[in-house]
Amino acid sequence: MQLRQVLFSQGFGTRRACDTLILHGEVQVGGQVLDDPAADLATDGLVFSVQGQPWAYRAKALLMLNKPPGYECSRKPRHHPSVLSLLPPPLRQRDVQPIGRLDEDTTGLLLLTDDGTLIHRLTSPKRHVPKVYVADCADALTPAQVAQLLDGVVLHDDPQPVRAAACQALGERQLQLTLTEGKYHQVKRMVAAVGNRVVALRRSAFGNLHLPDDLAAGQWRWVEPEHIAPGL
Ligand code: URA
């Protein structure tokens, strides 16, 4: 692939902006300045740097973000900044988008990608990809509430009951809940349906992927698709 196309595909601006970066000697490959936009490169394992910032070529971007509270999972946020504002410009330019949404006040594991097929696979209700949430509740949890969440509760917009694939109390007021669908405000509405209320919500896992302890709120990291679910 030509160097100009490499930069363009990785989100370093318009074709013209990429040519300018290259011609100005801002791009290095293997520690050497490469100032020919038409230079032909093998993309497999390619690492280059732009203005001193190292970047590994990836045909598709897939990353996890530890979402802080106060950010919206939308490209056009209404009341709070977008989670996309926490990513570096090349990823925003590549048009990465959240794989499913978390509420503005929900924290934890958010996946983002520019791979539309992957978004479809991971959000399709048919695939039943499990998502694990930890909810702090307003009132002490009862065994009956946990049992009801496992048996299924009816939400106002659908007569079909929704049930947690797994559910257990982690503490007097803390609940861990696994869902395999992604309905609007699903955890909050399910907990409300059993007579309690979520006061704080965090997603701790998506498929096989767990939020790493050392990923601080607001930080992101690359992900390999096979770490989320086999065969993706
Ligand atoms: N369920 C909710 O209620 N909110 C989220 O952000 C995610 C799941």
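**Exercise 1.** State which phi Gly152 takes and where this residue stands relative to helix H5.

*Solution.* Gly152 follows directly after H5 and has a positive phi of about 125°. Helices here are DSSP runs of H or I with at least four residues, strands are runs of E with at least two, and both are numbered from the N terminus. The model is predicted, local features need pLDDT of at least 70, side-chain atom pairs count only at pLDDT 80 or more, and totals for chains, interfaces and linings use all residues. Residues are numbered from 1 along each chain as its sequence is written, and side-chain values use heavy atoms, with hydrogens and water left out.

**Exercise 2.** Determine which residues of H5 are buried, and why they lie on one side of the helix.

*Solution.* Step one: H5 spans residues 143–151, and its buried residues are Gln145, Val146 and Leu149. Buried means under 20% relative accessible area, exposed over 50%, and partly exposed in between (1.4 Å probe, protein chains only). Step two: these buried residues cover an arc of only 100° around the axis, so they fall on the same side of H5. The arc is taken over the directions from the helix axis to the C-beta atoms. In general, an α-helix has 3.6 residues a turn, so residues three or four places apart point the same way. Step three: Pro143, Ala144 and Asp151 are exposed on the other side of H5. Step four: strand S11 (166–169), strand S12 (174–179) and helix H6 (186–193) pack against the buried residues of H5.

**Exercise 3.** Place Leu175 within the largest nonpolar core.

*Solution.* Step one: a nonpolar core is a set of buried Ala, Val, Leu, Ile, Met, Phe, Trp, Tyr and Cys residues joined through side-chain atoms within 4.5 Å. The largest has 48 residues, and Leu175 is one of those with the most contacts inside it. Step two: leaving aside neighbours within four places in sequence, Leu175 is in contact (heavy atoms within 4.5 Å) with residues including Val146, Leu149 and Val191.

**Exercise 4.** Identify which backbone atoms lie at the ligand, and at what distances.

*Solution.* Step one: the residues around the ligand, with a heavy atom within 4 Å of it, include His185, Val187 and Lys188. Step two: a backbone N or O atom of His185 is 3.2 Å from a ligand oxygen. For Lys188, a backbone N or O atom lies 3.0 Å from an oxygen atom of the ligand. A polar backbone atom of Val187 is 3.1 Å from a ligand nitrogen. Step three: the ligand taken alone exposes 240 Å², of which the protein buries 95% (Shrake-Rupley method, 1.4 Å probe).

Methods
A polar contact is a pair of N or O atoms within 3.5 Å; within protein, one must be able to donate a hydrogen and the other to accept it, and residues adjacent in sequence count only if both atoms are side-chain atoms.
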